[in-house]
Amino acid sequence: MENPKLKIVSWPLESLLPYARNARTHSDGQVAQIAASILEFGFNNPVLVDAGGGIIAGHGRVLAARKLAYTEVPAIMLKHLTENQRRAFMLADNKLALNAGWDLEMLRLELEALVEQHMDLQLTGFDEKELHEVLAQSEPKHFADPDERSEERRVGKECRSRWSP
């Protein structure tokens with residue numbers, strides 16, 4: 001299939017139609033997390049819709065936009081999908097991301113860097129237990145410069161103490 005040319009447009013929130021058989025669920029807590037993410041980072045992930053305004057992907061973002069009293073959201077109309085492709089894509093869009101894993105060392109380094117910059121780690125979507133588990137991990141490192149080692153220890157201690165119970 002040839003890639004269609006996609007265009008982001010502002011779509012009136014009240015004209016978006018949730019898919020009645022959407023298999024993905026969104027708790028109030030998760031909708032609040034999405035809303036907080038939108039407020040902090042912007043609405044960076046457009047809702048995907050069909051020609052009639054039916055939501056293909058982005059049900060949670062639409063719920064968050066309603067919670068934030070938005071009147072419009074960024075959207076991309078997908079006109080090139082057949083009915084079966086649309087239904088399969090709705091499932092794939094949600095499931096494929098869940099099939100990914102984490103490089104826990106890289107995750108720890110990223111979280112520690114965010115802590116060092118006083119970023120609210122709740123905005124990442126990880127809960128307190130997950131943050132503690134990741135930040136408590138410590139891989140031995142080999143440093144050429146002794147100053148790097150002491151800086152790594154200082155940052156690691158600060159991160160672990162902040163996120164330890």
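The exercises below, each with a worked solution, deal with a predicted model of a single chain.

**Exercise 1. Overall layout**

Find how many helices and strands the chain has, and in what pattern they follow along the sequence.

Solution. Start with the count: the chain has 6 helices and 4 strands. Next, read along the sequence, which gives the pattern β-α-β-β-α-β-α-α-α-α. Then turn to burial: 28% of the 165 residues count as buried. The accessible surface is about 10,900 Å², and carbon and sulfur atoms hold 54% of that surface. Finally, consider contacts with a separation of 6 or more: residues 24 or more positions apart make up 79% of these.

**Exercise 2. The contact of α1 with α2**

Determine how helix α1 is oriented against helix α2, and which residues make the contact.

Solution. Locate the helices: α1 covers residues 28–41 and α2 covers residues 59–67. Their axes lie 8 Å apart, at an angle of about 75°. An angle from 65 to 115 degrees counts as roughly perpendicular, so α1 is roughly perpendicular to α2. Now list the residues. From α1 come Val31, Ala32, Ile34, Ala35 and Ile38, and from α2 come Gly60, Arg61, Leu63, Ala64 and Lys67. Sorted by class, this contact holds 7 nonpolar, 1 polar and 2 charged residues.

**Exercise 3. The nonpolar cores**

Identify which residues of the largest nonpolar core touch the most other members, and which elements supply the core.

Solution. The largest core has 16 residues, and Leu16, Val47 and Val73 touch the most other members. At least two residues each come from α1, β2 (47–49), α2 and β4 (72–77). The biggest share is that of α1, with 4 residues. Take Leu16 as an example: leaving out residues up to four places away in sequence, Leu16 touches Trp11, Val49, Gly53, Ile55, Val62, Arg66 and Val73. Another core, of 8 residues, lies apart from the largest one; Leu111, Leu121, Phe126 and Leu135 are among its members.

**Exercise 4. Two residues compared**

Decide for His59 and for Glu40 whether the residue is buried, partly exposed or exposed, and name the contacts of each.

Solution. Begin with His59, which sits in helix α2. Its relative accessibility is 10%, and because buried means under 20%, His59 counts as buried. Beyond its neighbours within four places in sequence, His59 contacts Pro18, Tyr19, Asn22, His26 and Met90.

Continue with Glu40, which belongs to helix α1. Its relative accessible area is 43%; this falls between the limits of 20% and 50%, so Glu40 is partly exposed. Residues up to four places away in sequence aside, Glu40 touches Met119 and Leu123. Glu40 and Leu123 are 83 residues apart along the chain, yet their C-alpha atoms are separated by 8.0 Å.

**Exercise 5. The contact of α4 with α5**

Work out at what angle helix α4 crosses helix α5, and what classes of residue their contact contains.

Solution. Helix α4 spans residues 104–116 and helix α5 spans residues 128–136. Their axes come within 9 Å and cross at roughly 105°. This angle also lies in the range from 65 to 115 degrees, which means that α4 is roughly perpendicular to α5. On the α4 side, Leu104, Leu107, Arg108, Leu111 and Glu112 take part, meeting Leu131, Val134 and Leu135 of α5. The contact divides into 6 nonpolar, no polar and 2 charged residues.

Technical notes:
Residues numbered from 1 in each chain as written. Predicted model: local features only at pLDDT ≥ 70, side-chain atom pairs only at ≥ 80, totals over all residues. Heavy atoms only, no water. Buried < 20%, exposed > 50% of the residue type's maximum accessible area, 1.4 Å probe, protein only. Contact = heavy atoms within 4.5 Å. Areas by Shrake-Rupley, 256 points an atom, 1.4 Å probe, with all protein chains shown as cover. Axes fitted to C-alpha atoms, helices over the stretch in contact; angles between N-to-C directions. Parallel < 35°, antiparallel > 145°, perpendicular 65-115°, else oblique. Nonpolar A, V, L, I, M, F, W, Y, C, P; charged D, E, K, R; others polar. Core = buried A, V, L, I, M, F, W, Y, C linked by side-chain atoms within 4.5 Å.
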